[in-house]
Amino acid sequence: MTGTPSSSEHVHIIGAGLAGSEAAWQVAQTGVPAILHEMRPARMTEAHRTDSLAELVCSNSFRSDDAANNAVGLLHEEMRRLGSLIMRAADANQVPAGGALAVDRDGFSAAVTKALHDHPLVEVRRGEIAGLPPADWRNVIVATGPLTSAALADAIRTLTGEDALAFFDAIAPIVHKDSIDMSVAWFQSRYDKPGPGGTGADYINCPMTKEQYDAFVDALLAGEKTDFKEWETNTPYFDGCLPIEVMAARGRETLRHGPMKPVGLTDPRNPTVKPHAIVQLRQDNKLGTLYNMVGFQTKLKYGPQQQIFRTIPGLEKAEFARLGGLHRNTFLNSPKLLDGQLRLKAATRLRFAGQMTGCEGYVESASIGLIAGLYAAAEARGLLLSSPPPTSALGALLGHITGGHIETIEPGETLEPGARSFQPMNINFGLFPPLAAPPSKKPDGTRLRGNEKTVAKKQAISARALSDLDRWIADNLRVAAAA
Ligand SMILES: Cc1cc2nc3c(=O)[nH]c(=O)nc-3n(C[C@H](O)[C@H](O)[C@H](O)COP(=O)(O)OP(=O)(O)OC[C@H]3O[C@@H](n4cnc5c(N)ncnc54)[C@H](O)[C@@H]3O)c2cc1C
């Protein structure tokens with residue numbers, strides 16, 4: 001921390017969902033007063049059903065609670081160490097779900113609501129913020145979620161100069177690079193073009209014969225798709241992001257002339273035979289651990305998606321960091337619009353949190369609410385809180401939102417210039433910086449084999465995360481508490 005504490009001013013938090021509730025708690029716990037604005041019940045969203053704070057709109061699961069082997073379990077543990085209200089309420093309202101943390105949804109929301117109502121430094125105000133917040137609110141967290149009300153979304157869109165904020169997002173799957181079979185696939189950019197910042201060998205290419213392509217198109221057409229909800233029918237498709245099965249339905253050759261076109265690429269192991277079609281994957285994070293399937297936006301259900309995409313040569317054992325999907329979503333192009341403290345560069349009094357920033361899921365949204373709350377509280381006291389270590393789950397997720405994503409729009413690709421490639425993502429091990437020395441041996445000195453290596457690597461990343469986070473807490477938050 002640097003700077004001198006000044007007068008404590010209110011932090012206004014808009015939206016009392018997963019992120020906003022956590023943010024308000026964190027602000028108040030540091031001794032700074034918080035006003036939490038929630039539009040329900042006067043104005044409901046298409047998915048919320050109650051007036052409770054932190055309502056879970058769909059599943060009641062916070063996913064795996066295994067902090068040693070699973071990235072979301074690790075994020076749970078980090079949030080507990082940071083005094084998270086969302087995790088406290090979840091732990092207190094747990095229902096049996098194997099290794100997952102699932103909650104009694106009413107008990108969970110009631111616990112969050114009560115804790116915030118009872119906190120002497122939190123005021124809950126009901127009512128929609130139907131436009132930009134008043135100019136005299138100097139320290140604001142916007143946490144209005146994927147279903148942000150239209151009036152506020154329009155005001156933010158005007159302020160940021162973005163074309164649109166709410167889309168039908170047809171998102172493409174993302175694959176862990178180390179699960180791609182590079183004895184089948186190869187690195188090459190189309191026509192070996194280096195492009196801006198590239199090398200000429202930036203894409204991973206997976207070749208298909210005619211028989212494989214025909215079977216693939218048949219599977220896409222037959223695969224089970226997710227249904228549109230009634231309220232989704234009025235939202236347009238995101239520009240240039242047609243799902244592949246929609247393209248396939250337009251004609252058997254459409255994909256071969258679109259995202260799967262085989263031109264400008266030569267299989268180095270079989271240079272005289274032209275593949276009938278090629279699936280390309282493009283680096284998705286600076287670390288180079290994740291690759292996204294170019295043009296493979298889809299609304300196939302998750303099961304068929306994995307089954308069909310694993311028929312692609314080279315992807316037989318693909319592990320997916322994120323599967324494709326299609327849903328309405330309001331979120332910012334955060335790497336471009338937000339600074340490292342989650343503030344809008346165009347209006348730094350506005351800080352963003354939750355799913356709007358480009359994370360995905362209850363836990364991730366709450367975790368970004370947590371750090372936004374700490375940043376805002378520090379600012380209210382005239383301090384600057386340093387960012388959590390990039391090796392922690394919280395830091396890795398922040399990295400995805402504010403810096404780790406690579407802008408990958410190129411003319412002539414499925415996405416047109418001007419469209420954006422940044423998409424919401426769950427926490428996963430692909431977002432963490434690689435280990436300096438990945439474990440290769442067991443404690444008894446024998447070599448790790450196959451899956452043992454993957455398990456040991458995850459455990460080493462998790463152990464590093466918790467130890468680095470503990471140091472950051474000791475260096476920053478204890479000092480802040482004392483200030
Ligand atoms: C239909 C649907 C299903 C989902 N299912 C899952 C799932 O099963 N599992 C999962 O992990 N994630 C799921 N998600 C994602 C989920 O929304 C987020 O994970 C999480 O709820 C986002 O947290 P948040 O705090 O950003 O937004 P929210 O939890 O949605 O909170 C935003 C709050 O802001 C309020 N608000 C909006 N506009 C205004 C305004 N102008 N003024 C005042 N208040 C306002 C809303 O009423 C709401 O209470 C789903 C999302 C949707 C849309």
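Biologist: How many nonpolar, polar and charged residues does the shell around the ligand have?

Modeller: This is a predicted model. By class, the shell holds 13 nonpolar, 14 polar and four charged residues. Glycine is put with the polar class.

Biologist: What makes a residue part of that shell, and which are the closest?

Modeller: One of its heavy atoms must lie within 4 Å of the ligand. In this model 31 residues surround the ligand. The closest are Ala19, Glu38, Ser149, Gln355 and Gly361.

Biologist: Which helices each supply at least two residues of the shell?

Modeller: Helix H1 (18-29) and helix H11 (362-380).

Biologist: Why is the pair between alanine 19 and the ligand called a polar contact?

Modeller: The cut-off is 3.5 Å between N or O atoms. A backbone N or O atom of alanine 19 lies 2.8 Å from a ligand oxygen, so the pair qualifies. Serine 149 uses a polar side-chain atom, 2.9 Å from a nitrogen atom of the ligand. In serine 365, a side-chain N or O atom is 3.5 Å from a ligand oxygen. The protein buries 91% of the 970 Å² that the ligand exposes when taken alone.

Biologist: Why is alanine 130 called exposed?

Modeller: Exposed means over 50% relative accessible area. Alanine 130 has 55% relative accessibility, so it counts as exposed.

Biologist: Where is alanine 130, and what is it in contact with?

Modeller: Alanine 130 sits in the loop between strand S6 (122-126) and strand S7 (140-142). Leaving aside neighbours within four places in sequence, alanine 130 is in contact with Ala151 and Leu152. The C-alpha atoms of alanine 130 and serine 149 are 7.5 Å apart, with the two positions 19 residues apart along the chain counted as their separation.

Biologist: What makes a set of residues a nonpolar core, and which have the most contacts inside the largest one?

Modeller: The members are buried, and their side-chain atoms join within 4.5 Å. The largest such core has 95 residues. Phe62, Phe108, Ile368, Ile371, Ile427 and Phe432 have the most contacts inside it. H11 gives the largest share of this core, 13 residues. A second, separate core of 30 residues includes Cys206, Val279, Met293 and Ala318.

Biologist: What does isoleucine 371 touch?

Modeller: Beyond four places in sequence, isoleucine 371 touches Leu342, Leu385, Pro388, Leu394, Leu398 and Trp472.

Biologist: How many residues of the chain are buried, as a percentage?

Modeller: Of the 483 residues, 55% are buried. Buried means under 20% relative accessible area.

Conventions. Residues numbered from 1 in each chain as written. Predicted model: local features only at pLDDT ≥ 70, side-chain atom pairs only at ≥ 80, totals over all residues. Heavy atoms only, no water. Polar contact = N/O pair within 3.5 Å; in protein donor to acceptor, adjacent residues only side chain to side chain. Areas by Shrake-Rupley, 256 points an atom, 1.4 Å probe, with all protein chains shown as cover. Helix = DSSP H or I, 4+ residues; strand = E, 2+ residues; numbered from the N terminus. Buried < 20%, exposed > 50% of the residue type's maximum accessible area, 1.4 Å probe, protein only. Contact = heavy atoms within 4.5 Å.
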